[in-house]
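Colleague: Could you walk me through this fold? I'll ask, you answer.

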Amino acid sequence: MDPTAHRVAGGEEAAQAVLRSRLRAAVIDIAPIFGFTVSFALTHQLTVALVLALAAAAAVCVYRVVRGESVWRALAVLGLVCVQGALAAKTGEATNFFLPNLVMHSVVAVANAVMLLIGRPLMGVMVALITKEGPGWHHCPVRRRAFVKGNLLILASSVVMLAIQLSLYLSGQVVALGTADAFGPPVLALSLLLAWRIYRRALGGHSCATNYRSDTETSLPLERTLP
């Protein structure tokens, strides 16, 4: 196998491993949301729900640190729950506990759509970052189209989830909103895995190693190989 193709294939295997890892991490990340939602459903007391959510976030933080995972990631999850709790406590509205997540999901969905429109599917950008491949994938029409097809599934799932959460937030349905928010990370992780399968199927047996130039290559300029 061509060294470049081998490197790309190995990098894509690493990307798939990262996606599976994100699915497992998503299950852990929903613990504070689950704690808040269940406690509020049982007690209808905002204070009790906030205490349990913060306790769950602290437990997740300790769990990640003990496992040797990134301290910054652990602290980021705890910090986000603190912001959510402060917002809900200040306004006295339990639905505002989920507002930061709604804002983040909206920003990601808009950014995803914009990246697709300009021909730089976010899925391709993220995979390139994971594999340290750089922007080379964009110079291969086959891979670019494959990334677009996979990215469409990610965008569709995020838009559907966002629409559901936004309608529940506006109608003030705390428990239903918490349930939808808790399912958000696993649904996103699953959509990433399905998008990866779509990408691999669209790619087929294609190898774009010949679309990359090495220092000793004497082929035509890359721009002339594009459609």
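Modeller: Sure, and a definition to begin: helices (H or I, at least four residues) and strands (E, at least two) are DSSP runs, numbered from the N terminus. The model is predicted, so local features need pLDDT of at least 70 and side-chain atom pairs count only at pLDDT 80 or more, while totals for chains, interfaces and linings use all residues. Residues are numbered from 1 along each chain as its sequence is written, and side-chain values use heavy atoms, with hydrogens and water left out.

Colleague: How many helices and how many strands are there in the protein?

Modeller: Reading along the sequence, you get the pattern α-α-α-α-α-α-α-α. The tally is eight helices and zero strands.

Colleague: What share of the residues counts as buried?

Modeller: Buried means under 20% relative accessible area, exposed over 50%, and partly exposed in between (1.4 Å probe, protein chains only). The protein has 227 residues, and the buried share of them is 39%.

Colleague: And of the area that the protein exposes, how much do carbon and sulfur atoms supply?

Modeller: Accessible areas come from the Shrake-Rupley method with a 1.4 Å probe; for residues, only the protein chains shown count as cover. The protein exposes about 12600 Å², and the carbon and sulfur part of it is 69%.

Colleague: Which helix gives the most to the largest nonpolar core?

Modeller: A nonpolar core is a set of buried Ala, Val, Leu, Ile, Met, Phe, Trp, Tyr and Cys residues joined through side-chain atoms within 4.5 Å. The largest one has 22 residues, with Phe36, Leu46, Leu50, Ala94, Phe97, Phe98 and Val174 making the most contacts inside it. Two or more residues each come from H2 (31–43), H3 (46–66), H4 (71–91), H5 (99–117), H7 (141–170) and H8 (174–203). The top contributor, with five residues, is H3.

Colleague: How many residues are in the other core?

Modeller: That core lies apart from the largest one, and its members include Met123, Val127, Ile154 and Leu203. Its size is 11 residues.

Colleague: Which residue makes an aromatic pair with Phe97?

Modeller: Rings of Phe, Tyr and Trp (its six-membered ring) pair if their centres lie within 6.5 Å; planes under 30 degrees apart count as stacked, over 60 as edge-to-face and the rest as tilted. By that rule there are seven aromatic pairs. One of them is edge-to-face, 5.3 Å centre to centre with 85° between the planes, and both of its residues are buried. The partner of Phe97 there is Phe98.

Colleague: Why is the pair of Trp137 and Phe147 edge-to-face?

Modeller: Trp137 sits in the loop between H6 (122–131) and H7, whereas Phe147 is in H7, 10 residues away. Both are buried. The ring centres are 5.2 Å apart, and the pair is edge-to-face because its planes stand at 80°.

Colleague: What span does H7 reach from its first C-alpha to its last?

Modeller: The expected span of a helix is 1.5 Å times one less than its number of residues. H7 has 30 residues, for which 44 Å is expected, and its reach is close to that: 42 Å.

Colleague: Is Asp181 buried or exposed?

Modeller: Asp181 belongs to H8. Contact means heavy atoms within 4.5 Å, and Asp181 touches Ile33, Phe98, Asn101, His105 and Gln165, not counting residues up to four places away in sequence. Since its relative accessibility is 2%, Asp181 counts as buried.

Colleague: Which side chain makes a polar contact with that of Asp181?

Modeller: A polar contact is a pair of N or O atoms within 3.5 Å; within protein, one must be able to donate a hydrogen and the other to accept it, and residues adjacent in sequence count only if both atoms are side-chain atoms. Here the distance is 2.9 Å, and the partner is Gln165.

Colleague: Which residue's backbone oxygen does the side chain of Ser39 reach?

Modeller: Ser39 is in H2 and is buried, with a relative accessible area of 5%. Leaving aside neighbours within four places in sequence, Ser39 is in contact with His44, Val48, Ala49 and Leu52. The backbone oxygen, reached at 2.7 Å, belongs to Gly35.
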